[in-house]
Amino acid sequence: EFFYNLNDSIKAFFILLVTDFFVGFHSTRGWELVIRWVYNDFGWAPNELIFTIFVCSFPVILDTCLKFWVFFCLNRLSPSLVVIYHSISEA
């Protein structure tokens, strides 16, 4: 309810902030820690090639999927919010 009461510019800003913060494709160390934790949890031997491929591809794919999903939902919520979101993400 709080989110729906904000103006469209603030909504677009928060959506970009949250998706970039949680996906964090710029934080390679964080993604390395996640994949190492998974490897250690399953008892697999570490493989640097897998780490590199995962860190380079998975966060970008996840970010793209999240932004597409957000764009799809925003289109139904408010057309003006889509325009603001698009102009903010280009800047």
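Patches, as the word is used here, are made of residues with over 30% relative accessible area and no salt bridge, like charges being joined within 9 Å and nonpolar side chains (Val, Leu, Ile, Met, Phe, Trp, Tyr) within 5 Å. The structure is a predicted model, in which local features need pLDDT of at least 70 and side-chain atom pairs count only at pLDDT 80 or more, while totals for chains, interfaces and linings use all residues. Residues are numbered from 1 along each chain as its sequence is written, and side-chain values use heavy atoms, with hydrogens and water left out.

One such nonpolar patch on the surface is formed by I10, F13, F14, L17 and V18, which together have about 420 Å² of accessible area (Shrake-Rupley method, 1.4 Å probe, with only the protein chains shown counting as cover for residues). Within this group, F13 lies in helix α2, residues 8-23 (helices are DSSP runs of H or I, at least four residues, numbered from the N terminus). F13 counts as partly exposed because its relative accessibility is 44%, where buried means under 20% relative accessible area, exposed over 50%, and partly exposed in between (1.4 Å probe, protein chains only).

Turning to the interior, the largest nonpolar core has six residues, W31, I35, Y39, F51, F54 and V55. The elements that give two or more residues to this core are α3 (28-42) and α4 (48-77). Such a core is a set of buried Ala, Val, Leu, Ile, Met, Phe, Trp, Tyr and Cys residues joined through side-chain atoms within 4.5 Å.

Helices α3 and α4 are also linked by charge, since E48 in helix α4 forms a salt bridge with R36 in helix α3, the closest N and O atoms being 3.1 Å apart (a salt bridge is a side-chain nitrogen of Lys or Arg within 4 Å of a carboxyl oxygen of Asp or Glu). R36 also meets E32 in a salt bridge (3.8 Å, N to O), and E32 in turn meets R29 (3.6 Å, N to O). E32 and R29 both lie in helix α3, three residues apart, about one turn of the helix. R29, E32, R36 and E48 are thus linked in a network of salt bridges.

As for cysteines, C56 counts as exposed at 57% relative accessibility, whereas C65 is partly exposed at 47%. The count of disulfides comes to zero, a disulfide being a pair of cysteine sulfur atoms within 2.5 Å.
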